[in-house]
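Hi,

Here is the structure I said I would pass on. Have a look at it first, and then read my notes underneath.

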Amino acid sequence: MSIDDIWYDDEAGPIVRLYAITGGRTEAPAGDFTLSTIVQRVPGAVPDGELSLAESTIVQLTERPVSVSEIAARLGLPLGPVRVILADLRDARLVTVPRSRDVAERPSLSLLQQVLSGLNSL
């Protein structure tokens, strides 16, 4: 069963209304979780209670660093509700926004000099 099968019915449309998924909330705290924000599951974090389908799916998706836009696309949900759910998961200490160096190692100085040299030769 795909995520599309869970959220959408061909005849009825969306099965669960967005306001039900987010508990009626429409916005995450200001400035949190832009389209390109990278989110990752907190290693070893265990939820205090039962997670909703959307929450558990997000926790699974964030086993590796993933952008907010990719999470929204995979869930088939608009960005707003996904940001609200992510804020809840962050507050529950299940996901985090890793620092950039945690996601990928920085390039070496020699690589940056080679790139700059190549750009200058254009």
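A salt bridge here means a side-chain nitrogen of Lys or Arg within 4 Å of a carboxyl oxygen of Asp or Glu. Arg-90 and Asp-91 fit that, because their closest N and O atoms are 3.5 Å apart, inside the 4 Å limit. Of this pair, Arg-90 is partly exposed at 27% relative accessibility, while Asp-91 counts as exposed at 54%. Before you go further, keep in mind that this is a predicted model.

So how many salt bridges turn up in the whole structure? A search finds four. Another of them joins the side chains of Arg-41 and Glu-63, with N to O at 2.6 Å. That one ties together distant parts of the chain: Arg-41 sits in strand β3 (residues 38–41), whereas Glu-63 lies in the loop between α3 (53–61) and β4, and the two are 22 residues apart. Arg-41 comes out as partly exposed, with 25% relative accessibility.

Then there is Glu-70, which forms a salt bridge with Arg-64; here the closest N and O atoms are 3.0 Å apart. Glu-70 has a relative accessible area of 25% and is partly exposed. Arg-64, at 42%, is partly exposed too. Have a look at Arg-74 while you are there, since a network of salt bridges links Arg-64, Glu-70 and Arg-74.

Now the strands. Which order do they take in the sheet? The sheet is open, has three strands and runs β4-β3-β5, with antiparallel pairing. At its edges are β4 and β5 (95–96), each of which pairs on one side only. In general, strands of a sheet pair through backbone hydrogen bonds, either parallel or antiparallel. Between β3 and β4 the pairing is antiparallel and covers two bridges. If you want a place to start looking, Val-39 has Val-66 in β4 as its bridge partner.

One more residue in that edge strand: Ser-67, which belongs to β4 (residues 66–67). Is Ser-67 buried or exposed? It is buried, because its relative accessibility is 14% and the cut-off for buried is under 20%. Leaving aside residues up to four places away in sequence, Ser-67 touches Leu-35, Ser-36, Thr-37 and Ile-38. The side chain of Ser-67 also makes a polar contact with the side chain of Ser-69, at 3.1 Å.

That's what I have for now. Shout if anything is unclear.

Cheers

Methods: Residues numbered from 1 in each chain as written. Predicted model: local features only at pLDDT ≥ 70, side-chain atom pairs only at ≥ 80, totals over all residues. Heavy atoms only, no water. Helix = DSSP H or I, 4+ residues; strand = E, 2+ residues; numbered from the N terminus. Buried < 20%, exposed > 50% of the residue type's maximum accessible area, 1.4 Å probe, protein only. Polar contact = N/O pair within 3.5 Å; in protein donor to acceptor, adjacent residues only side chain to side chain. Contact = heavy atoms within 4.5 Å. Pairing = 2+ DSSP bridges.
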